[in-house]
Each structure stands twice: as structure tokens, then as C-alpha cells.
Amino acid sequence: YDGHWCYLLKNCGTKFLVIPVTSIKETSSTDEQSYYFDITEEDDSVARLRFDEMRTIDKMRVITKDKPYRNVKTDRKIIEQKFMDFLNLSIFTIDNEDE
């Protein structure tokens, strides 16, 4: 929407699970964080996946003839591993954050 784009993570029937993508600006953080991951796009530009902003959206928002698609050079397996590292799912993890 309006020049923004997302990385399609999973097809969920009438919705997609997506990770929003942002451009990297001069003021963007350079320190690696667990909640984002920088990827390389088809034109060799670098963009940032924002794991902390993932959501589901209706397919109609992205499947139209007026919205272009971009290819990502970064291997999907690497993206998936970074995403799983971000989730770091285990039992009661949130209860142990203060420790």
C-alpha cells in the first residue's frame, strides 16, 4: 500500500501472514537486533524485514494487477531461520524475562 511492501511468509487461505519490509535510511539503526533482519532485493538494494510488525492481511490487499512483486535474493531458508530465532518459542519464556 502506498509504496510499502511486505514479505509473504505463509498463505493462510483468505489471508497471508506477512512481514513488513522497510527501506534502510541514514537514520536507521546499524546494530543488529533480533526483531529485524536485513535482506537483499533483486536490484541489490538492502531492505529490512520487521519481524516485530508481522501480521495477517487479506489477500485482496496484495493480489491485484496494479501491485508489483519484487524478488528477494536472500535465501528463504536464511530468512526462515532468522525468523525462528526471533520467535525463540519455548514454554514460559515470557515469564522469565525479568530474570
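So, which residue lies over the face of Tyr36? That's Arg48, sitting 3.9 Å from the ring centre. Before I go on, keep in mind that this is a predicted model.

Let's stay with Tyr36 for a moment. Tyr36 also makes an aromatic pair with Tyr35, edge-to-face, with 5.6 Å centre to centre and 80° between the planes. The two tyrosines sit in their own surroundings: Tyr36 is buried, with a relative accessible area of 6%, whereas Tyr35 is partly exposed at 32%. Searching the whole structure turns up three aromatic pairs. There's also one aromatic cluster to look at, formed by Phe51, Phe83 and Phe86.

Okay, salt bridges. How many does a search of the whole structure find? Seven, and I'll walk you through a few.

Take Lys15 and Asp58, where the closest N and O atoms are 2.7 Å apart. Lys15 is in strand S2 and Asp58 is in strand S5, so this pair ties together parts that are 43 residues apart in sequence. Both ends are partly exposed, with Lys15 at 32% relative accessibility and Asp58 at 33%.

Next up, Asp43 and Arg70, whose side chains meet at 3.0 Å, N to O. Here we're in loops: Asp43 is in the one between strands S3 and S4, and Arg70 is in the one between S5 and H1, so the bridge links parts that are 27 residues apart in sequence. Asp43 is partly exposed at 46%, and Arg70 is partly exposed too, at 35%.

The third one is inside helix H1. Glu80 bridges to Arg76, with the closest N and O atoms 2.9 Å apart. Those two are four residues apart in the helix, so about one helical turn separates them. Glu80 is partly exposed at 34%, and Arg76 has a relative accessible area of 34% as well. Going back to the loops, shared partners join Glu41, Asp43 and Arg70 into one salt-bridge network.

Now the helix itself. H1 covers residues 76-87, twelve residues, and reaches 16 Å from its first C-alpha to its last, close to the 16 Å expected. What caps its N-terminal end? Asp75 does, with a side-chain oxygen 2.7 Å from the backbone nitrogen of Lys77. Just after H1, Asn88 takes a positive phi of about 40°.

Last thing, for anyone thinking about cysteines. The disulfide count comes to zero. As for exposure, Cys6 is partly exposed at 26%, and Cys12 is partly exposed at 38%.

Conventions:
Residues numbered from 1 in each chain as written. Predicted model: local features only at pLDDT ≥ 70, side-chain atom pairs only at ≥ 80, totals over all residues. Heavy atoms only, no water. Phe/Tyr/Trp six-rings, centres within 6.5 Å; stacked < 30°, edge-to-face > 60°. Buried < 20%, exposed > 50% of the residue type's maximum accessible area, 1.4 Å probe, protein only. Lys NZ or Arg CZ within 6 Å of the ring centre and 35° of its normal. Disulfide = S-S within 2.5 Å. Expected span 1.5 Å × (residues − 1). Polar contact = N/O pair within 3.5 Å; in protein donor to acceptor, adjacent residues only side chain to side chain. Salt bridge = Lys/Arg side-chain N within 4 Å of Asp/Glu carboxyl O.
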